Amino acid sequence: MFNLAHDIMIPPNTKKAKHDDNDNEEDRLSDLPDCILLHILSFLNSKHAVQTCILSPRWKNLWKYIPTLKLHSSEFRTAKKLGMFVTKILTLRDTSTALHALNFKRIASFEPQRTLKEIVNYACSHNTQLKRLGISVKGDIGIILPRISSCQALTSLKLAVYGKGVSNCERTLFPKHLNFPALTSLDLSNFAFCANDNADHAEPFSSFSRLNNLIISRCSVRDASILTISSATIVHLTMCGNSSSDFTKIKLSAPSLDTITFYGTPSQRLYGSSLSSVKQLNIDEDIFIRIGEPHLILLSWLQDLDNIKSLTVTAGILQILSLVPDLFNIKLPSLHHLKSLKVKLKPHPHGLSSYIRKEVVYKYKSRKEAHKIRLKEADEPYVIIPKGIVDFLLQNSPSAEVGIIHYMSKESAGNYPVG
């Protein structure tokens with residue numbers, strides 16, 4: 001018989017202390033109903049939840065009835081210890097208790113397939129009850145995706161795949177025909193989407209009939225140049241680090257789409273029937289990666305997303321936009337409905353400063369201008385907002401509210417670095 005509590009190292013400060021004569025305080029926490037205690041325990045990593053069994057006889061078996069499992073490798077010294085814990089907790093957990101959420105994260109080293117399969121098989125055994133599933137591992141998880149498709153009650157799915165090493169750029173293929181009828185939130189990292197048969201585009205999300213929130217990070221497209229995001233229900237779209245040269249366009253066919261958030265350097269043009277439905281646009285250059293002509297891509301986004309009411313950008317994004325030739329002579333056909341413009345001031349991202357200086361030399365045929373930029377950068381901890389760029393964005397909505405957000409999330413109305 002497994003004794004899971006004995007196999008877990010209990011931190012010294014969690015062991016039950018001896019009470020002296022003056023320590024007669026009532027244990028009010030243990031007097032709470034099971035449902036409340038289980039709700040509290042559901043927020044803990046599973047290892048920490050099991051450790052509560054030493055608190056008192058009242059807590060001895062509570063962990064067996066928690067409706068969530070959070071299994072993170074950071075809590076274990078070796079993959080072997082993690083594997084042993086996974087086997088024991090899945091064996092000892094109460095079989096009649098519903099499993100509503102499972103999160104497994106193992107990115108420190110390559111995950112043995114045995115442990116991953118064990119977790120997926122357990123999740124699938126609760127496929128009519130499981131609502132939220134998250135798996136983040138190193139290596140290819142393509143082999144388990146068909147099994148996950150049996151979890152038809154899922155409302156939230158997060159899958160992240162990381163290569164064995166930095167040079168491993170091979171991405172796991174995302175199945176073309178996955179169907180989760182109840183899914184409302186999908187978060188994918190490091191996947192490749194394949195083109196449909198005899199098509200010039202990949203359209204991986206059209207079968208998710210209730211999808212509301214979509215996040216795609218560091219994903220690519222194979223055998224096509226267009227990624228189509230087709231959904232009647234998507235409201236929020238977030239794209240992170242998708243600065244890839246293997247596809248050049250993103251087609252939006254999502255009439256309910258309200259918000260687009262992009263982290264990275266835009267390298268794909270947006271087009272489609274749903275551009276006018278977008279009311280909020282957030283762009284953060286985060287880590288700068290140059291692919292193509294990002295300044296022209298940025299300008300096209302601002303021109304084509306013509307019904308934006310809220311625009312949030314970083315000063316770095318405005319620096320990139322300022323490289324558009326004769327920018328201030330351009331009359332924007334958009335931003336007539338802009339109500340709010342927010343600019344985030346952040347430290348210089350890697351690669352952006354050298355790119356800006358090189359482009360300035362090319363644009364003005366002058367190293368003197370580039371030297372001026374270098375001197376300004378030395379005096380300012382944040383990326384400088386290019387002079388005149390705010391007025392350019394407000395040309396069709398001069399009464400829009402302007403806010404400056406510093407890196408530490410403190411808003412101010414002025415005193416910000418302007419070039």
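I began with lysine 249 in this predicted model. Its charged end sits over the ring of tyrosine 271, 5.6 Å from the ring centre.

I then looked for another lysine placed over a ring. Lysine 47 lies over the face of phenylalanine 76, with 4.9 Å to the ring centre.

Next I turned to ring-ring contacts. I described each pair by the distance of the centres and the angle of the planes. With centres required to lie within 6.5 Å, I count 7 aromatic pairs. One of them joins phenylalanine 76 to phenylalanine 85, at 5.1 Å centre to centre and 45 degrees between the planes, and I noted this pair as tilted. Are phenylalanine 76 and phenylalanine 85 buried or exposed? I find both of these phenylalanines buried. Phenylalanine 76 thus enters my notes twice, under lysine 47 and beside phenylalanine 85.

I went on to phenylalanine 193 and phenylalanine 205. Their ring centres are 5.4 Å apart and the planes stand at 75 degrees; an angle over 60 counts as edge-to-face, so I entered the pair as edge-to-face. Where do the two residues lie? I place phenylalanine 193 in strand β7 (residues 191-194), and phenylalanine 205 in the loop between β8 (201-202) and β9 (213-217). The pair therefore ties together parts that are 12 residues apart in sequence.

I checked burial for this pair as well, with the limit at under 20% relative accessible area. Phenylalanine 193 has 2% relative accessibility, so I list it as buried. Phenylalanine 205 has 0% and counts as buried too.

Last, I followed the ring pairs outward from here. They link Phe193 and Phe205 with Phe174 and Phe191 into a cluster.

Technical notes:
Residues are numbered from 1 along each chain as its sequence is written. This is a predicted model: local features need pLDDT of at least 70, side-chain atom pairs count only at pLDDT 80 or more; totals for chains, interfaces and linings use all residues. Side-chain values use heavy atoms; hydrogens and water are left out. Rings of Phe, Tyr and Trp (its six-membered ring) pair if their centres lie within 6.5 Å; planes under 30 degrees apart count as stacked, over 60 as edge-to-face and the rest as tilted. Buried means under 20% relative accessible area, exposed over 50%, partly exposed in between (1.4 Å probe, protein chains only). Helices (H or I, at least four residues) and strands (E, at least two) are DSSP runs, numbered from the N terminus. A charge sits over a ring if NZ of Lys or CZ of Arg is within 6 Å of the ring centre and within 35 degrees of the ring normal.
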